[in-house]
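Please work through the following exercises with the sequence and the model at hand. Each task is followed by a stepwise solution.

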Amino acid sequence: MSRWRDIKQRNIKKDTSKDENDNSLKSAPLVTRIKSFLVDMFMIMMPIMYVTTYLIMDGKDDFQGSEDARWITACVFGLIIILFWSIKGQTPGYKAYSLKLLDNNTKKRVSFLKSTFRYFLFLISATTIILAFVPFFRKDKKCVQDILTNSTVVSEEK
């Protein structure tokens, strides 16, 4: 009964200790991150595949039949993504949706090594159904690669 009386008389003090001690970054919405990934696929992966298919190989039949061409395309895409993450903290898709990849400890861009590890974790989680659904069951909406590399994709303030 005393709590009700305190609320009625407005004697309740707001508990700000949790807000002051919470130093972690707030993750960007999952839908926005998925949209930015699709933009990256079209802006980065598609030109690489076009060059590989029609300028290096002799067409789509040779590309589809060559395991090496697909691996080379995936590796070039990965290297470009890693460089964008480590140099700018943003890929073109992140830039389009005002997102940025930050290290949780330094609140700055992630290092090249951490970007590389994060990309390989992304490949593993994208190909594993259980790991791909991790952000849907977490309160902070972080993916496996965010958790293990201690990084966060955040929305930029404008």
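**Exercise 1: The surroundings of Cys143**

Locate Cys143 and describe its environment.

Step 1. Cys143 lies in the loop that joins α9 (134-137) to α10 (144-149); helices are DSSP runs of H or I with at least four residues, strands are E runs of at least two, and both are numbered from the N terminus. The model is predicted: local features need pLDDT of at least 70 and side-chain atom pairs pLDDT 80 or more, while totals for chains, interfaces and linings use all residues. Residues are numbered from 1 along each chain as its sequence is written, and side-chain values use heavy atoms, without hydrogens and water.

Step 2. Cys143 has a relative accessible area of 14% and is therefore buried (under 20%; exposed is over 50%, partly exposed in between; 1.4 Å probe, protein chains only).

Step 3. Beyond its neighbours within four places in sequence, Cys143 is in contact with Leu30, Arg33 and Pro135 (heavy atoms within 4.5 Å).

**Exercise 2: Tyr119 and its ring partner**

Characterise the pair formed by Tyr119 and Phe122.

Step 1. Both residues belong to helix α7, three residues apart, about one turn of the helix.

Step 2. Their ring centres are 6.2 Å apart with 40° between the planes, a tilted pair (centres of Phe, Tyr or six-membered Trp rings within 6.5 Å; under 30 degrees stacked, over 60 edge-to-face, the rest tilted).

Step 3. Ring pairs link Tyr119 and Phe122 with Phe37 and Phe120 into a cluster.

Step 4. Tyr119 is buried, because its relative accessible area is 7%.
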